[in-house]
Amino acid sequence: MHPSDGRFRSAKDRGLVWLSLAITRAIAGLFRLMAIPFVRWEFRGGATIQAYDNWVMSANHRSVFDFPHAIVALRHYGVYARVMIASEFWRMPAYAWAVRAIDAIPVYRKTDPRGSFDAAIRALKDGDSVAIMPEGGLHWDPDNPLQLGRFKTGVSRLAVGSGVPVLAIALVGGERVWTRPRRFPRMIPFRRRTVLVRVADEPLWLYGDDHRANASTLRDVQEELLQQATRDLQAIDPSYMPDVAA
């Protein structure tokens, strides 16, 4: 379906960035409130997150819990981003209301991937940040927990096409809360699982048309950040993957 059907409208085109930000913050607050008996959030890094007008935010994707994980992080750092998220989430009762409310960008992988990409470029050029998970899908290998999946080139195309820097983000701990194929999160009342967000302290600028090389560079940066985030979480909770300590 063509982007002009209304699903790809930019928040700035509609003059509703402030409203989207307020809604995102409210939903993040709701997620955090609902998860109080089950989840405790920790945040690290992000020294320059306020230094640039907007970002291509790149995060790893290892759990179904990553959506509330990311939304709560945006609220914590006081930033707003158009989240690129698979169109299937618009059919998930647990998330459909939220992805619509925060003006997320649906990714139609099979029917209109180009439309999704064009919408993200427009949002970046309009001054919005865009959040993307360049692995293109959930990647969680318990046998290799510090290894990311192959990065797709879309994140490079967004950064180069818009001239916006990339901000690498590591999400860890969410796989203990909700992984596939579970239909519902693993939430044991008053046995709180700590999840952690580590944001890079410096921007990553991508240039040129070798998007595979750019994606590989970003993957290396994010794997290093993921290792640091894992150490951060292990320092708080030594039971978190002790077999990969150090």
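## A salt-bridge trio

The side chains of Glu42 and Arg40 come together in a salt bridge, 2.5 Å from N to O. This is a predicted model, so take that distance, like every other value here, as computed from predicted coordinates. Glu42 also has a second partner: a salt bridge joins Glu42 to Arg44, with the closest N and O atoms 3.2 Å apart. Put together, Arg40, Glu42 and Arg44 are linked in a network of salt bridges.

How is burial spread over the trio? Glu42 has a relative accessible area of 17%, so Glu42 is on the buried side of the 20% cut-off. Arg40 comes out as partly exposed because its relative accessible area is 30%, and Arg44 is partly exposed too, at 26%.

## A bridge within helix 6

The structure holds 7 salt bridges. One to look at besides the trio pairs Arg219 with Glu223, where the closest N and O atoms are 3.4 Å apart. Both residues sit in helix 6 (residues 211-236), and because they are 4 residues apart, about one helical turn separates them. That spacing fits the usual helix geometry: an α-helix has 3.6 residues a turn, so residues three or four places apart point the same way. As for its surroundings, Glu223 counts as buried, with 15% relative accessibility.

## The overall fold

Stepping back, the protein chain has 6 helices and 7 strands. Going along the sequence, the order is α-β-β-α-β-α-β-α-β-α-β-β-α.

The chain has 246 residues, and 53% of them count as buried. If you look at contacts between residues at least 6 apart in sequence, 78% join residues at least 24 apart. On the outside, the chain exposes about 11700 Å², with carbon and sulfur atoms supplying 54% of that area.

## Inside the nonpolar core

The largest nonpolar core has 74 residues, and the members that touch the most others are Val56, Phe67 and Leu158. Strand 6 (residues 166-172) gives this core its largest share, 7 residues.

Which residues does Val56 touch, leaving aside those up to four places away in sequence? The list runs to Leu124, Val130, Ile132, Val155, Leu158, Ala159, Val164, Pro165, Val166 and Leu167. Leu158 therefore turns up twice: as a contact of Val56 and as one of the core members with the most contacts to other members.

## Helix 2, mostly covered

Helix 2 (residues 66-77) is 12 residues long and reaches 16 Å from its first C-alpha to its last, close to the 16 Å expected at 1.5 Å a residue. Is helix 2 largely enclosed or largely open? It is largely enclosed by the rest of the structure, because 9 of its 12 residues are buried.

The buried ones are Asp66, Phe67, Pro68, His69, Ile71, Val72, Ala73, Leu74 and Tyr77. Phe67 is the name to recall from the core, as one of the members touching the most others. Right after the helix comes Gly78, which takes a positive phi of about 70°.

## A nonpolar patch outside

Not every nonpolar side chain is tucked away: Leu30, Met34 and Trp97 form a nonpolar patch on the surface. Together they have about 290 Å² of accessible area. Met34 belongs to helix 1 (residues 17-35). Met34 counts as exposed because its relative accessibility is 52%, and the cut-off is over 50%.

Definitions and conventions
Residues numbered from 1 in each chain as written. Predicted model: local features only at pLDDT ≥ 70, side-chain atom pairs only at ≥ 80, totals over all residues. Heavy atoms only, no water. Core = buried A, V, L, I, M, F, W, Y, C linked by side-chain atoms within 4.5 Å. Buried < 20%, exposed > 50% of the residue type's maximum accessible area, 1.4 Å probe, protein only. Helix = DSSP H or I, 4+ residues; strand = E, 2+ residues; numbered from the N terminus. Contact = heavy atoms within 4.5 Å. Patch = residues over 30% accessible without salt bridge, like charges linked within 9 Å, V, L, I, M, F, W, Y side chains within 5 Å. Areas by Shrake-Rupley, 256 points an atom, 1.4 Å probe, with all protein chains shown as cover. Salt bridge = Lys/Arg side-chain N within 4 Å of Asp/Glu carboxyl O. Expected span 1.5 Å × (residues − 1).
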